[in-house]
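Me: Got a model open here and I'd like a quick tour. Can you take my questions as they come?

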Amino acid sequence: MTETNETNQETISKALILGILSSTATLITAIIGSSTTQIVDFFRRFIEMFSTLISLLLFRHNLHETSAEKIHSNNQKVNLVINNTLILSGILMIIVGIAKYRMGLGHKNVVPGFFVSLLGVILNFYFCIKYSRSLKRQYEPIIKSQYNLFKTKTIVDSCVLLTVGIMIVFPDFAYLDLIDFISSVLVSIVLCFRGIRHLIKKS
């Protein structure tokens, strides 16, 4: 195993651990805050964590695989899983966001969610940098897919952070729930657009 491959495997493993921890933390804050954005954010993080697990398993398989055709097939599978993950996450956000807004369910304490989102932005940006540096040293399709995933995660977490921040700064604003809903829709559009765009590009 080359030093680059060893570093990449370690990075994906750390990303998986981050995914498990952030999914758990987001679930807790979603229950506490009862915010549309946070609830659907949990579903998104859980699905993304699962796609990172698939990426790690197939990356490890490629390290010991001698068939170029099989390696290419694994790379395609990871690309498909990650981009379908983005699209599925976007669809979930739209469905849950619309349902919760129509039922008139408001939000509660979103302060814990703010810090979780802030940590998410920082860590996802960190992984973006790690994957970007690795790609400059050596192009690896699975690492490229992971880079695209974490780049999107950084954008989405920034949107969630902004929304929750507005809720904290303006707690008595009459249209907070509407802003919460609009944020969910905008985030879902970003997820679906990036997922579809990467699938089209690869095809």
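Me: What percentage of the 203 residues of the protein chain count as buried?
Reply: 47% of them count as buried. Keep in mind that this is a predicted model.

Me: How many helices and how many strands are there in the protein chain?
Reply: Six helices and zero strands. From the N terminus on, the order is α-α-α-α-α-α.

Me: Contacts next. Among those between residues at least 6 apart in sequence, what share joins residues at least 24 apart?
Reply: 81% of that set in the protein chain.

Me: Now the core. How many residues are in the largest nonpolar core?
Reply: The largest nonpolar core has 26 residues. Those with the most contacts inside it are Ile12, Phe127, Tyr131, Ile142, Ile143, Phe150 and Leu191.

Me: Which helices supply at least two residues of this core?
Reply: α1, α2, α3 (68-102), α4, α5 and α6 (176-202) each do. The largest share is from α5, which gives eight residues.

Me: Let's pick Leu191. What is Leu191 in contact with, leaving aside neighbours within four places in sequence?
Reply: Its partners are Arg44, Glu48, Leu86, Ile87, Ser89, Gly90, Met93, Thr152 and Val156.

Me: Thr152 is on that list. Which helix does Thr152 lie in?
Reply: Thr152 lies in α5. Not counting residues up to four places away in sequence, Thr152 touches Leu86, Leu191 and Arg194.

Me: Why does Thr152 count as buried?
Reply: Because its relative accessibility is 0%, and buried means under 20%.

Me: Same check for Asp180. Buried or exposed?
Reply: Buried, at 2% relative accessibility. Asp180 is found in helix α6. The C-alpha atoms of Asp180 and Gly97 are separated by 8.5 Å. Along the chain, those two residues are 83 apart.

Me: Switching to pockets. How much space lies in the largest pocket?
Reply: About 200 Å³. The lining has 18 residues, and the closest to the pocket centre are Leu18, Leu21, Ser22, Arg45 and Leu123.

Me: Which elements give two or more residues to that lining?
Reply: α1 (3-33), α2 (36-64), α4 (111-137) and α5 (141-169). The most comes from α1, with six residues.

Me: How does the lining split by class?
Reply: Ten nonpolar, five polar and three charged residues.

Me: Back to α1 for a second. Where does Leu16 sit, and what is Leu16 in contact with?
Reply: Leu16 is found in helix α1. Leaving aside neighbours within four places in sequence, Leu16 is in contact with Met49, Thr52, Leu53 and Leu56. Leu16 counts as buried, at 14% relative accessibility.

Me: What separates the C-alpha atoms of Leu16 and Ser51?
Reply: 9.1 Å, with the two residues 35 apart along the chain.

Me: Last topic, cysteines. How many disulfides does the count come to?
Reply: Zero disulfides. The rule asks for a pair of cysteine sulfur atoms within 2.5 Å.

Me: Cys128, then: buried or exposed?
Reply: Cys128 is buried, because its relative accessible area is 9%, and the cut-off is under 20%.

Me: And what about Cys159?
Reply: Cys159 is partly exposed, with a relative accessible area of 28%. That value falls in the class between buried, under 20%, and exposed, over 50%.

Note on methods:
Residues numbered from 1 in each chain as written. Predicted model: local features only at pLDDT ≥ 70, side-chain atom pairs only at ≥ 80, totals over all residues. Heavy atoms only, no water. 1 Å grid on protein atoms, 1.4 Å probe; cavity = no way out; pocket = protein on both sides within 12 Å on 5 of 7 lines; lining within 4 Å. Points joined across faces, edges and corners; volume = space filled by probe spheres on them. Helix = DSSP H or I, 4+ residues; strand = E, 2+ residues; numbered from the N terminus. Nonpolar A, V, L, I, M, F, W, Y, C, P; charged D, E, K, R; others polar. Core = buried A, V, L, I, M, F, W, Y, C linked by side-chain atoms within 4.5 Å. Buried < 20%, exposed > 50% of the residue type's maximum accessible area, 1.4 Å probe, protein only. Contact = heavy atoms within 4.5 Å.
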